[in-house]
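Colleague: Could you take me through the labels on this model, and tell me what stands behind each one?

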Amino acid sequence: MTVYGVAQLTIRDRATYDRYSAMFLPTLRRHNGTLLVADDQPRVVEGRWDAQKIVIAAFDDEAAFERWYHSSAYRAIVGDRLAATHGPLIVAKGVRRT
């Protein structure tokens with residue numbers, strides 16, 4: 001079942017985040033992940049949203065997400081994201097269509 005990695009980010013250090021961002025897609029593609037959303041200014045329609053940016057990536061299944069997240073390529077860059085941003089990264093399961 002498809003899973004989605006969803007990050008809600010507030011960027012504190014743009015230069016460090018940009019360095020991370022430049023290397024993010026190659027790590028994702030090596031693990032057959034697909035970038036679906038990367039929006040620096042999403043529009044809030046209802047409620048309150050405290051983050052600045054949303055990123056959503058799709059993976060074939062949770063095992064594929066875990067392989068990407070724990071890969072040496074991603075481990076080499078994730079420190080920049082952690083240093084440059086604040087906010088959660090979650091994994092959400094997709095909905096089966098019947």
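Modeller: Happy to; we can go through burial, strand pairing, helix packing and aromatic rings in turn. This is a predicted model, where local features need pLDDT of at least 70, side-chain atom pairs count only at pLDDT 80 or more, and totals for chains, interfaces and linings use all residues. Residues are numbered from 1 along each chain as its sequence is written, and side-chain values use heavy atoms, with hydrogens and water left out.

Colleague: Why is Thr16 called buried?

Modeller: Buried means under 20% relative accessible area, with exposed over 50% and partly exposed in between (1.4 Å probe, protein chains only). Thr16 has 12% relative accessibility, so it counts as buried. Thr16 is found in helix α1 and touches Asp80 and Ala84, leaving aside residues up to four places away in sequence; contact means heavy atoms within 4.5 Å.

Colleague: What makes strand β3 mostly covered?

Modeller: In β3 (residues 53-59), 7 of its 7 residues are buried. Lys53, Val55, Ala57 and Phe59 point one way, Ile54, Ile56 and Ala58 the other, and all are buried. Helices (H or I, at least four residues) and strands (E, at least two) are DSSP runs, numbered from the N terminus.

Colleague: How do you know that β1 and β3 pair?

Modeller: Two strands pair if DSSP finds at least two bridges between them. Strand β1 (residues 3-11) is joined to β3 by 7 bridges, so the rule is satisfied, and the two run antiparallel. Val6 has Ile56 as its bridge partner in β3. Strand β2 (residues 34-39) also pairs with β3 in the antiparallel sense, over 5 bridges, and there Leu35 is partnered by Ala57.

Colleague: How are helices α1 and α3 placed against each other?

Modeller: The axes of α1 (residues 14-30) and α3 (residues 72-84) come within 9 Å and cross at roughly 145°. Axes are lines fitted to C-alpha atoms, for helices over the stretch in contact, and angles run from 0 to 180 degrees between N-to-C directions. Among the residues that meet are Tyr20 and Met23 in α1 and Ile77 and Val78 in α3.

Colleague: Why is the ring pair of Tyr17 and Tyr20 called tilted?

Modeller: Rings of Phe, Tyr and Trp (its six-membered ring) pair if their centres lie within 6.5 Å; planes under 30 degrees apart count as stacked, over 60 as edge-to-face and the rest as tilted. By this rule the count comes to 11 aromatic pairs. Tyr17 and Tyr20 have ring centres 5.7 Å apart and planes at 45°, so the pair is tilted. Both residues, Tyr17 and Tyr20, are buried.
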